[in-house]
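Here are my notes on this one, as numbered points. Have a look at the model first, then read on.

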Amino acid sequence: MRSLALISVASAFFASALATALPDLDNLPALTGFAPLNITMISDEGSLEKRQPGGVNLCRDINWANCGYAKQPFNLCIQLDSPWWHSISAIGPDQYNAIVAYEDYNCGSSARLAIFNPGYPNLVPAGWNDRIGSFRVLQISGPTCVLLYGTAWKKEATGDLVLKALKAGFRGIDTAAQPRHYNETLVGAGIKEAISKGIIQTKFTPVSGQDLHNMPYDPKAPLDEQVHASVASSLAHFIFEDPANAYIDSLVLHSPPSDHFSDLLKVWKALETYVPHRIRQLGISNTDLHVVSRLCNSPDVGVRPAVVQNRFYPATRWETDLRAYCRIQRIAFQTFWTLSGNPELLRSAPVQKLAESATISAPVALYALVLGLEGTTILDGTKSEAHMAEDLRVTEVVDGFAQSEGGRASWVACLDEFKALIGEAE
Ligand SMILES: NC(=O)c1ccc[n+]([C@@H]2O[C@H](COP(=O)([O-])OP(=O)(O)OC[C@H]3O[C@@H](n4cnc5c(N)ncnc54)[C@H](OP(=O)(O)O)[C@@H]3O)[C@@H](O)[C@H]2O)c1
C-alpha cells in the first residue's frame with residue numbers, strides 16, 4: 001500500500017501535509033501500553049471545533065451522531081468495551097493526529113484501518129461499520145497537514161515543479177482532470193519520480209469548466225458516463241505500483257454541474273460508486289453553504305463530502321459561515337486565492353505584526369493566520385523554489401512560535417485581530 005503524501009486530483013480538488021511520514025501500517029512504533037476508553041459524550045457540537053493533541057471523535061451512529069470525544073495519550077492501545085465495542089459508525093481524529101483502528105481488543109489484529117482528519121462520517125462504505133475493537137492515536141506533524149501544492153497554470157513546467165515541491169517538503173498536491181488549466185499527466189510523472197507513496201486528490205470538472213477540444217470525456221455523454229470516463233483517465237495518471245490497485249486519495253467535484261441539485265446528485269452518485277476502493281474520499285469546490293448542507297443532509301447521499309475547496313477572499317466574507325459549518329461537520333476547508341485574492345489582508349496590521357514578531361514574510365504570516373482559523377488547509381500555487389521553502393515554514397509558526405512562551409501572547413493578539421478583521425465570530 002502507498003504511504004501517505006497527499007495528492008488531490010481535481011477533474012479541473014484536498015490534501016493535507018507531513019514532515020514525518022503518515023503512519024506506515026507495516027512499520028508502526030511499539031505500543032507503550034493498554035488503557036480502557038475514557039470518553040465524554042458530546043452535547044455541544046461547537047466543542048468539536050478545536051484541534052487537540054490526541055483528540056478523537058467517536059460516534060455510534062453515522063454522520064457524527066451519538067458521539068463522544070476523547071483526548072488520548074499517543075501510542076497507547078485504547079481498548080473498547082460496551083457500549084463502544086464493535087459499535088462505532090463514524091470516527092475522526094483532530095487535525096495533526098491519526099488513528100489506527102483494529103478489529104480485535106488488543107491492537108493486534110491484521111485488519112487495520114488508518115484514519116486521518118477529518119475522518120469517516122460513515123464507516124459503512126469503508127467496510128468498517130461496527131468493527132472497531134481497539135485503536136491507537138499517532139501524532140503527525142509538518143507541512144503535509146496544512147499546505148497543498150497547487151498545480152494549475154504550470155503547463156510544461158508542471159512535472160518539474162511538482163518534483164521540486166515534493167523535494168522542498170510538500171506532501172499534498174492538488175490537480176484536476178481539466179487539461180485547460182492543469183496537466184495531470186505531468187503531475188503523475190512528477191510524483192512518480194519523487195515518491196512511490198502518496199495521497200492523491202483530483203477533481204471531476206463539469207463541461208462548463210472544460211476546454212471542449214481538450215477534455216477527458218465526451219461532453220455529450222450523460223452525466224454519469226462523463227464521471228466514469230473522467231475518473232478512469234485520472235486513475236490512469238496515478239498508477240505507481242499494481243494498476244489493479246490504483247486509487248486516488250481525494251476527488252473533488254470542481255463545481256456543481258448546474259443550478260439543479262438533481263444534476264449534482266447524478267454526478268455525486270456516480271462518484272460514490274468508487275468509494276472507498278478507487279477513491280478514498282469526495283469533496284466539492286466552488287460552492288456555497290446551501291449546497292454543502294444539502295449534500296450533508298440529503299437521504300440520497302451515501303458518502304458525505306470530506307472537503308470543501310473555495311476561494312478565500314472578501315467577496316464571500318472569507319466564507320465565515322460555510323467554514324463554521326464545515327468545522328462542525330468535520331469537513332476540511334481548503335482555501336485558494338489565499339494570497340492573490342487578499343492584497344489588503346497582506347498589508348493589514350495583524351499580518352504585519354505577526355510577520356515582524358515571528359520574523360517571517362507577510363505571505364507566510366497570512367498563511368499562518370488562515371491556519372489559525374482551524375479546520376483549514378491552504379492550496380499554495382507558487383512557481384518559485386525559494387517561496388516553496390519559505391511557505392513551508394508556516395508550520396514552524398503554528399506549531400512552534402504560537403505555542404512558545406515568547407510567542408504565544410503575540411500570536412493570540414494577532415489571531416484575535418485577524419478574526420475581527422474578517423468578521424469571524426468567536
Ligand atoms: N477549485 C478551483 O476552482 C481552483 C481555482 C483556482 C486554484 N485552485 C488551486 O489552488 C492552487 C493555488 O492557486 P491560487 O490561485 O490560489 O494561487 P495563490 O496561491 O493565491 O497565488 C499564488 C501566487 O502567490 C505567490 N506566492 C506564493 N508564495 C509566496 C511568497 N512566499 N512570497 C510572495 N509571493 C508568493 C506566487 O508567486 P510565485 O510563483 O512567484 O511564488 C503566485 O503568484 C492552484 O494551483 C490550484 O491547484 C483551485
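1. How many helices and strands does the protein chain have? The count is 12 helices and 18 strands, where helices (H or I, at least four residues) and strands (E, at least two) are DSSP runs numbered from the N terminus. Keep in mind that this is a predicted model, so to speak: local features need pLDDT of at least 70, side-chain atom pairs count only at pLDDT 80 or more, and totals for chains, interfaces and linings use all residues. Residues are numbered from 1 along each chain as its sequence is written, and side-chain values use heavy atoms, with hydrogens and water left out.

2. On burial overall: 59% of the 426 residues of the protein chain count as buried, meaning under 20% relative accessible area, with exposed being over 50% and partly exposed in between (1.4 Å probe, protein chains only). The protein chain exposes about 16800 Å², and carbon and sulfur atoms supply 52% of that. The areas come from the Shrake-Rupley method with a 1.4 Å probe, and for residues only the protein chains shown count as cover.

3. Now the ligand. It is surrounded by 27 residues, each with a heavy atom within 4 Å of it. The closest are Q309, W337, T382, H387 and D391. By type, the shell divides into 9 nonpolar, 12 polar and 6 charged residues. For that split, Ala, Val, Leu, Ile, Met, Phe, Trp, Tyr, Cys and Pro are nonpolar, Asp, Glu, Lys and Arg are charged, and the others, Gly among them, are polar.

4. Which elements supply at least two residues each of that shell? They are α9 (362-371), β18 (376-380) and α10 (385-391). The largest share, 3 residues, comes from α10.

5. If you're checking the pose, look at the polar contacts (pairs of N or O atoms within 3.5 Å; within protein, one must be able to donate a hydrogen and the other to accept it, and residues adjacent in sequence count only if both atoms are side-chain atoms). A backbone N or O atom of W337 sits 2.5 Å from a ligand oxygen, and a backbone N or O atom of T151 is 3.2 Å from an oxygen of the ligand. D391 joins in through its side chain, with a polar atom 2.7 Å from a ligand nitrogen. The ligand on its own exposes 910 Å², of which the protein buries 80%.

6. T382, one of the closest residues to the ligand, also has a long-range relationship to look at. A165 and T382 are 217 residues apart in sequence, yet their C-alpha atoms are 9.3 Å apart in space. A165 belongs to helix α1 (residues 158-168). Its relative accessibility is 0%, so A165 counts as buried.

7. There are 2 disulfides, each a pair of cysteine sulfur atoms within 2.5 Å. One joins C59 and C67, with the sulfur atoms 2.0 Å apart. The torsion about the S-S bond of C59 and C67 is about 100°, so this disulfide is right-handed. Both C59 and C67 are buried.

8. The other link is C77 to C107, S to S 2.1 Å. It is right-handed as well, with 90° about the S-S bond. C77 lies in strand β6 (residues 76-79) and C107 in the loop between β8 (97-102) and β9 (112-116), so the pair ties together parts 30 residues apart in sequence. C77 and C107 are both buried. Counting bonded cysteines along the chain, the pattern is 1-2, 3-4.

9. What about C296: how far away is the nearest cysteine sulfur? That sulfur belongs to C326, 7.5 Å away, and C296 is in no disulfide. C296 counts as buried because its relative accessibility is 4%.

10. Last, the strands, which pair if DSSP finds at least two bridges between them. An open sheet of 4 strands has the order β3-β5-β4-β7, with antiparallel pairing. Its edge strands, β3 (40-41) and β7 (90-93), each pair on one side only. Strand β4 (residues 55-61) meets β7 over 4 bridges, and V56 stands opposite P93 there. Elsewhere, β2 and β6 run parallel, joined by 4 bridges.
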